[in-house]
Amino acid sequence: MTEQAIAALQQNLRGRVIQPGDPDYDSARALYNGMIDKRPRLIARCVDVAEVITAVNFARENGVLLAIRGGGHNGPGLGSCNDGLVIDLSMMKSVRVDPATKTVRVEGGCTSGDVDHATHAFGLAVPFGIVSTTGIAGLTLGGGTGYLTRKYGLTIDNLLEADVVLADGSVVTTSKSQHPDLFWAIRGGGGNFGVVTSFLFQAHPVKMVYAGPIFWDAIHAQQVMRAYRDFLPGAPEELGIFVGLKTVPSMDPFPREGWGKRACVIIGSYNGSAADGQRLLAPLLETLPPPIFNWMGEMPFPAINALFDPFFPKGLQWYWKGDFVQSLTDEAITTHIAEAAKAPTELCLMHLYPIDGAVRRIARDATPWAARDASFSMVIAGISPAPQDAAALKSWGRAYWKAVHPYNMGGGYVNFMFDDETDGRLQAAYGDNYARLGVAKMKYDPANLFRVNQNIAPAGA
C-alpha cells in the first residue's frame with residue numbers, strides 16, 4: 001500500500017481511515033477477546049454500503065489482507081488482521097422494524113442489544129443469542145442459538161434476505177428467490193462469501209418473559225443435570241432453557257455467602273406469564289434440592305439478553321471450545337462435573353444449549369448448519385480478566401474438551417472454533433454440506449479475498 005493509495009481511500013470515504021500513530025488507533029483495534037492482539041495497517045470505518053464497496057475494491061486491487069468487523073464480538077479475533085485492512089461496520093447500526101409484516105431490517109454493525117431495543121417497542125424479537133453485546137452479523141452467519149431457538153429456530157432460520165458486497169465490488173440482494181445458492185451459503189457458512197451490510201429478519205411476538213438464573217451448589221450438579229436432561233424433551237418450546245457448570249462470582253449482586261462456590265446453573269426464559277412459567281417449572285424444581293438462589297422473575301425480554309453483560313466486558317481473556325452433543329449420558333455428566341471443577345478462574349464456564357424443537361423441523365441440507373440432529377450445543381469457555389491466566393485457560397479448556405469429546409458428535413459449532421482447530425474439524429462441522437460450500441465459494445470469491453474467517457477453500461483451488 002502506497003501513501004497515495006491510502007490517501008485516495010480516505011478521500012473516497014466519509015468515515016475515517018484509522019492508522020498506526022493515530023491517537024485512537026489502540027482503542028479502535030482492540031478486540032473483544034483480550035487474549036488476541038492484532039495490529040492492522042488500516043481500519044476503515046464505513047458509514048454506508050458505498051464505502052464498503054470502496055474498501056473491498058481497495059483491498060482487492062492492492063492485494064491487501066482483508067478482515068471484516070461487524071459487532072466486534074468474535075472470540076478468535078477474526079474481525080481483525082495484522083498488517084492488512086479492517087472494514088469496520090460499527091458505524092452502520094440502522095434498525096428498521098415493520099410491525100405489519102413483523103420483519104426487521106438490520107445493518108451489519110448492530111449488536112443483538114441494538115435490535116432488541118428497537119423491536120421490543122413493537123412487542124417483537126428475533127432469535128439471537130444470550131448476551132446483548134453479541135454482533136448480529138457473526139452470530140447469524142455462523143448459525144445463532146439463544147432463548148427463542150426452541151420455538152422459532154436458529155437465527156439463520158429467521159433470515160429472509162441479505163444485501164452482500166461481493167469480492168468483485170458488486171452488490172447483490174440474496175434470498176430464497178434471488179441468488180439462492182448464495183443465500184444458502186451465508187446461512188451458516190460464515191463470512192466467506194462477502195460483506196453482509198444488511199439483514200432482513202422475521203421477528204416474533206415476545207414482550208415480557210419469565211426468566212433468569214437458578215444456582216445450585218455443585219454437590220447437586222449430577223442431580224440437576226440429569227433432571228434438566230429428562231425434563232427438557234417434554235417442556236413447551238416457549239421455554240428456552242440451558243444448563244451450565246460455573247462458579248458463583250465473588251461480586252455483587254450475588255449473595256456473599258455464595259461467593260466462590262462451584263455451582264450448577266439452569267438459566268431460562270419462558271415467553272409467557274410469570275404464573276404459567278412457575279407452573280411449568282414446578283415439576284422440575286420440586287424434584288431438586290433447594291438452590292443457592294432462584295432469580296427467575298418477570299422481566300422485559302431485552303433484560304434477560306443483557307443480564308450477563310456486566311460480567312463479560314470487552315477485553316477479558318477468552319478461550320473456548322465447542323462440540324455438538326447427541327446424548328447427555330450419566331457418564332458424560334460425571335466427566336463434565338469432574339473437569340469443570342478444575343476451572344482456573346471464577347468466570348470459567350460450560351454451557352449446554354438445547355438443539356431441538358423448531359431447529360429439527362428444518363432439513364439437514366436446507367442450510368450449511370448441519371447439526372439438526374444434535375440435542376445440545378456445548379461450549380467450554382475459559383475466561384479471566386488477567387493476561388497471566390491465558391495459558392491456564394487454554395490448558396483447562398483443551399483438557400476439558402478432550403475428556404468429554406468421546407461422548408459427543410464429530411463436528412462443532414463454527415462460532416465456537418478457535419484458530420487452533422484443524423481443517424478436519426471445520427469439515428466435520430458442515431458434514432455433507434462442506435462440498436457445496438466450496439462450490440459457492442468458488443463462484444462468489446474464487447481468489448479467497450474473504451479468508452480471515454473459518455475459511456472454506458474455493459472448490460478446485
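Where does tyrosine 270 lie?

**View 1. Tyrosine 270 and its surroundings.** Tyrosine 270 lies in strand E14 of what is, to be clear, a predicted model. With a relative accessibility of 13%, tyrosine 270 counts as buried, since the cut-off for that is under 20%. Leaving aside residues up to four places away in sequence, what does tyrosine 270 touch? Its contacts are Val209, Tyr210, Glu238, Leu239, Asp276, Gly277 and Leu280. Phenylalanine 58, which turns up in the next view, is 212 residues from tyrosine 270 in sequence, and the two C-alpha atoms are 48 Å apart in space.

**View 2. Helix H1 against helix H3.** Here we're looking at H1, residues 3-11, and H3, residues 49-62. Their axes come within 10 Å and cross at roughly 165 degrees. Anything over 145 degrees counts as roughly antiparallel, and H1 and H3 are therefore roughly antiparallel to each other. The crossing of H1 past H3 is right-handed. On the H1 side, the residues to pick out are Ala5, Ile6 and Leu9; they meet Thr54, Ala55, Phe58 and Asn62 of H3. Sorted by class, this contact has five nonpolar residues, two polar ones and no charged ones.

**View 3. The peptide bond between aspartate 252 and proline 253.** Zoom in on the backbone here: aspartate 252 and proline 253 are joined by a cis peptide bond, with omega at about 10 degrees. Most peptide bonds are trans. As for where to find this spot, proline 253 sits in the loop that runs between strand E13 (239-247) and strand E14 (262-270). That second strand, E14, is the one that holds tyrosine 270 from the opening view.

**View 4. Lysine 102 and its positive phi.** Most residues other than glycine have a negative phi. Lysine 102 goes the other way, with a positive phi near 55 degrees. Look for lysine 102 in the loop between strand E5 (95-98) and strand E6 (103-107). Is lysine 102 buried or partly exposed? Its relative accessible area is 35%, so lysine 102 is partly exposed.

**View 5. Histidine 179, just ahead of a helix.** Histidine 179 isn't a glycine either, yet its phi is positive, at about 45 degrees. This residue lies in the loop between strand E9 (171-175) and helix H7 (180-186). Histidine 179 has a relative accessible area of 34%, which means that it is partly exposed.

Key. Residues numbered from 1 in each chain as written. Predicted model: local features only at pLDDT ≥ 70, side-chain atom pairs only at ≥ 80, totals over all residues. Heavy atoms only, no water. Axes fitted to C-alpha atoms, helices over the stretch in contact; angles between N-to-C directions. Helix = DSSP H or I, 4+ residues; strand = E, 2+ residues; numbered from the N terminus. Parallel < 35°, antiparallel > 145°, perpendicular 65-115°, else oblique. Left-handed = near helix turned anticlockwise from the far one by under 90°. Contact = heavy atoms within 4.5 Å. Nonpolar A, V, L, I, M, F, W, Y, C, P; charged D, E, K, R; others polar. Buried < 20%, exposed > 50% of the residue type's maximum accessible area, 1.4 Å probe, protein only.
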